[in-house]
Amino acid sequence: MLLRLSQVLFAAFALSGAVGASPTDDEQLRAFLAREGASVRPLNFGRRSAATTPTRHLRPEYFDGAMKAKRDITPPDVGQVATWPDGSDPQPSRNGLGDTYLAAANHEIDAQNPDNLAAPTTDAGTIPNLKWSMSLSHTRLLNGGWVREQTITDLPPSKDLAAAELRLSPNAYRELHWHRVAEWGYILNGTGRISAIDENGRSYISDVKGPTQGSDPDIYYFPVGVPHSIQALDEGLEILLIFTDGNFDAAGTTFMLSDWLAHTPLEIVAQNFGVGVDVLSGIPQKDPYILKSTVAPPPLGHASEQAVSDPNGDVPSPFVFHIADQPKKEAPGGWVKIQDSATNFPVSKQLASALVFVEPNGLRELHWHTADEWLYIISGHARATAFAGGSTARTFDFQPGDTAVFPVSYGHYIKNLSPTEPLIYLELFKAEKFVDFSATQWLALMPRQVVSDLLKIPIETIETFKKEKQIVIA
């Protein structure tokens, strides 16, 4: 027993000596540094006391009351966004909880996501990540543009919808293709031309444009299976594409014309089109996805010059919707424009959308939906808390190009964090009709005593609640 105890004590003393020693005291290390000299960069160890160069991200090892106060939320803490002193890195601390980093961290990402780093105390439970930035998606660089996607592998909760950002150089095409899902497009910038036919062979061609001189852009919708193409005009074109299946990269989702013909016996293709085999020798053996035009198309506003006479007539419902022609639904803190098949865009049977404008410091009111909401930030900076029921909530921060999903019935809001800049974003749903429920309207139209007993709010206060949806609050 005594022998075993002495062995333990000896090991403990040896360990304490190793912990206290400097790594630079190692004989082999000193010999290596002496031999290599200035060609070796100074070593930087994990422990501050052992570092041979100053660390960039570690705070001083002393913490006085004044410094701690600077890291805290200014009382009272009512869930505001955490802030840190100018010039200092964000730290995972809030009102005495947490502590500073002792190792390197990606402070740029932390600064963009303060509610991930120091969440409000109202956040609770476990909610999976509901946000994805298009800047994190792999970008395919092609001859005449680029494309990047957000699918269910990037954002697993987004089961209903997937998205892509597509850029076409001036006059370049997105090649002829079709999908097993519906496609919806929002023109982020530039000008272009779309063409398609429906199942009865009725053709459609139309120009589309992005926001110009303060006007809102165009959107388009292609139903399941409708073959189509998109061409940029002389300004080039950038589009946000939405598809009605989160698993958009699954096999059997997108069908390229050239890819199909390249994998069909050439004699069959020739017989089908009634031409000689030699005419088909130029079919690409690998689909180009994007290709450059050999001849510039007619300019914006002259789509009819490319239209082919169609004995079957035109499609009965246009595939393009001009948001600029739609009146705004004004709200106290901004406005909204809603598009769906039930009210104003008949062809868009599987996708409802809303363009939302929130004034500086404004708030898209507390609400929920009957379908998953897919979100895309066009401009501005925002914050939102997703409430999943069961005392579970999580807050997210958003920048331009960010996407997010709020699963069906999740309560949430969207707050514009800027005191000077508007927030503009899209709400999209795999649904025929846009549906939302307003928390304020609900309480205003319930028996007052019921609301008062539950929330401990005076009836006089409840009587001030608006009976109409506010949508966006100043």
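A residue is called exposed when its relative accessible area is over 50%, buried when that area is under 20%, and partly exposed in between. The legends below use these words for a predicted model.

**View 1. Two serines with a positive phi, S391 and S409.**
S391 lies in the loop between strand 20 (382-389) and strand 21 (392-398), and because its relative accessibility is 63%, S391 counts as exposed. Although S391 is not a glycine, its phi is positive, at about 60°. Most residues other than glycine have a negative phi. The second serine, S409, is found in the loop between strand 22 and strand 23 (412-416), and its phi, again positive in a residue other than glycine, is near 75°. With a relative accessibility of 48%, S409 counts as partly exposed.

**View 2. Strand 17 and the two strands paired with it, strand 16 and strand 24.**
Strand 17 covers residues 352-358, and six of its seven residues are buried, so this strand is largely enclosed by the rest of the structure. Strand 16 (residues 334-339) pairs with strand 17 in the antiparallel sense, over six bridges, and in this pairing Q339 stands opposite S353 of strand 17. Strand 24 (residues 423-429) also runs antiparallel to strand 17, and seven bridges join these two strands. A reader who wishes to follow this second pairing can look for L355, whose bridge partner in strand 24 is L426.

**View 3. The salt bridge between D402 and K131.**
The structure holds 12 salt bridges, and in one of them the side chains of D402 and K131 meet at 3.5 Å, taken from N to O. D402 belongs to strand 22 (residues 402-406) and K131 to strand 3 (residues 131-133), so the pair ties together parts that are 271 residues apart in sequence. Both D402 and K131 are buried.

**View 4. The salt bridge between K337 and D216.**
Here the side chains of K337 and D216 meet in a salt bridge, with a distance from N to O of 2.7 Å. The pair links distant parts of the chain, 121 residues apart, since K337 is in strand 16 while D216 is in the loop between strand 9 and strand 10 (218-222). As for their surroundings, K337 and D216 are both buried.

**View 5. A salt bridge between R364 and D436, and the network to which these residues belong.**
The side chains of R364 and D436 meet in a salt bridge of 3.1 Å, from N to O. R364 lies in strand 18 (residues 363-369) and D436 in strand 25 (residues 436-438), and this pair links distant parts of the chain that are 72 residues apart. R364 and D436 are both buried. A network of salt bridges links these two residues with E427 and K469.

**View 6. The largest pocket and its lining.**
The largest pocket has a volume of about 670 Å³. Its lining is made by 31 residues, and those nearest the centre of the pocket are L176, S195, A196, I197 and P227. Several elements give two or more residues to this lining, namely strand 7 (173-179), strand 8 (183-197), strand 9 (203-209), strand 11 (228-243), helix 6 (257-262) and helix 7.

**View 7. The largest cavity and the residues around it.**
Rolling a probe the size of a water molecule over the atoms shows where empty space is left. A search of the whole structure finds one cavity of 30 Å³ or more, and about 30 Å³ of space lies in the largest cavity. The residues that line this cavity are S158, D160, L161, D372, W374 and V405.

**View 8. A nonpolar surface patch that includes F273.**
F273, V275 and V279 make a nonpolar patch of about 270 Å² on the surface. F273 is placed in helix 7 (residues 266-273), and because its relative accessibility is 47%, this residue counts as partly exposed.

**View 9. L141 and I290, residues set 149 apart along the chain.**
L141 is found in strand 4 (residues 139-142), and this leucine is exposed, with a relative accessible area of 72%. Although their positions lie 149 residues apart in the numbering of the chain, the C-alpha atoms of L141 and I290 are separated by 9.8 Å.

Key
Residues are numbered from 1 along each chain as its sequence is written. This is a predicted model: local features need pLDDT of at least 70, side-chain atom pairs count only at pLDDT 80 or more; totals for chains, interfaces and linings use all residues. Side-chain values use heavy atoms; hydrogens and water are left out. Patches are made of residues with over 30% relative accessible area and no salt bridge: like charges are joined within 9 Å, nonpolar side chains (Val, Leu, Ile, Met, Phe, Trp, Tyr) within 5 Å. Accessible areas come from the Shrake-Rupley method with a 1.4 Å probe; for residues, only the protein chains shown count as cover. A salt bridge is a side-chain nitrogen of Lys or Arg within 4 Å of a carboxyl oxygen of Asp or Glu. Helices (H or I, at least four residues) and strands (E, at least two) are DSSP runs, numbered from the N terminus. Buried means under 20% relative accessible area, exposed over 50%, partly exposed in between (1.4 Å probe, protein chains only). Two strands pair if DSSP finds at least two bridges between them. On a 1 Å grid over the protein atoms alone, a cavity is a set of points where a 1.4 Å probe fits but cannot get out, and a pocket is an open set with protein on both sides within 12 Å along at least five of seven lines; lining residues have an atom within 4 Å of a point. Grid points are joined across faces, edges and corners, and a volume is the space filled by probe spheres set on the points.
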